[in-house]
Amino acid sequence: MPSAATDDDDRFFARFLDRAIPRAEWTHRAHVRAAYLMLRRHPLSEAIGRMRTAIQALNAANAVPEGKEMGYHETLTEAWMRVVDATMRTFGTDVNADAFLDCHTQLTNRHIMRLFYSRERLASWEAKERFVEPDLAP
């Protein structure tokens, strides 16, 4: 029998895929929660493409403008998917997404990519449009 926490994850994930999360609720934690739930359902290579499509659809539904500082960012999406996947493979999953994030608080720091990418590289149009490898650490 599913737990209330699992039901909450299922509802959140359905809202994400249905483009029903309002812009104000689409926080960094919500992004990482969606990544975790996507990776629970699909292998990394497939999850990245599905996550890209879902975020772009949600952004369109919320009329998020595309620009250098906002909108969809390919490198951030793929890099975060890789970090969440590595955390899951190293430490395992948890009873639900919130428990996983509460246990792995490094994932709630939205600036963690600064350990891997220079500000200039991450802020480039190239990084926004396609995945670029990190320039500070692998």
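1. Leaving aside its neighbours within four places in sequence, which residues is Arg-33 in contact with? In this predicted model, the contacts of Arg-33 outside that window are Asp-8, Asp-9, Phe-12, Ala-97, Asp-98 and Leu-101. Arg-33 belongs to helix α2, which spans residues 28-41, and with a relative accessible area of 10% this arginine is buried, since the cut-off for that class is under 20%.

2. Among those contacts, Phe-12 deserves a separate remark, as the charged end of Arg-33 sits over the Phe-12 ring, 4.3 Å from its centre. A second arrangement of this kind involves Arg-41, which lies over the face of Phe-13 at 4.2 Å from the ring centre.

3. Turning to the aromatic residues, the structure holds 3 aromatic pairs. One of them joins Phe-16 and Trp-26, whose ring centres are 5.2 Å apart and whose planes meet at 20°, so the pair is stacked. Phe-16 is in helix α1 (residues 4-17) while Trp-26 is in the loop between α1 and α2, so that the pair links distant parts of the chain, 10 residues apart. Both Phe-16 and Trp-26 are buried, and together with Phe-13 they form one aromatic cluster.

4. Tyr-36 and Phe-100 also form a stacked aromatic pair, with 4.4 Å centre to centre and 25° between the planes. Because Tyr-36 lies in helix α2 and Phe-100 in helix α5 (residues 97-103), this pair ties together parts that are 64 residues apart in sequence. Tyr-36 counts as buried at 1% relative accessibility, and Phe-100 likewise counts as buried at 1%.

Methods
Residues numbered from 1 in each chain as written. Predicted model: local features only at pLDDT ≥ 70, side-chain atom pairs only at ≥ 80, totals over all residues. Heavy atoms only, no water. Helix = DSSP H or I, 4+ residues; strand = E, 2+ residues; numbered from the N terminus. Buried < 20%, exposed > 50% of the residue type's maximum accessible area, 1.4 Å probe, protein only. Contact = heavy atoms within 4.5 Å. Phe/Tyr/Trp six-rings, centres within 6.5 Å; stacked < 30°, edge-to-face > 60°. Lys NZ or Arg CZ within 6 Å of the ring centre and 35° of its normal.
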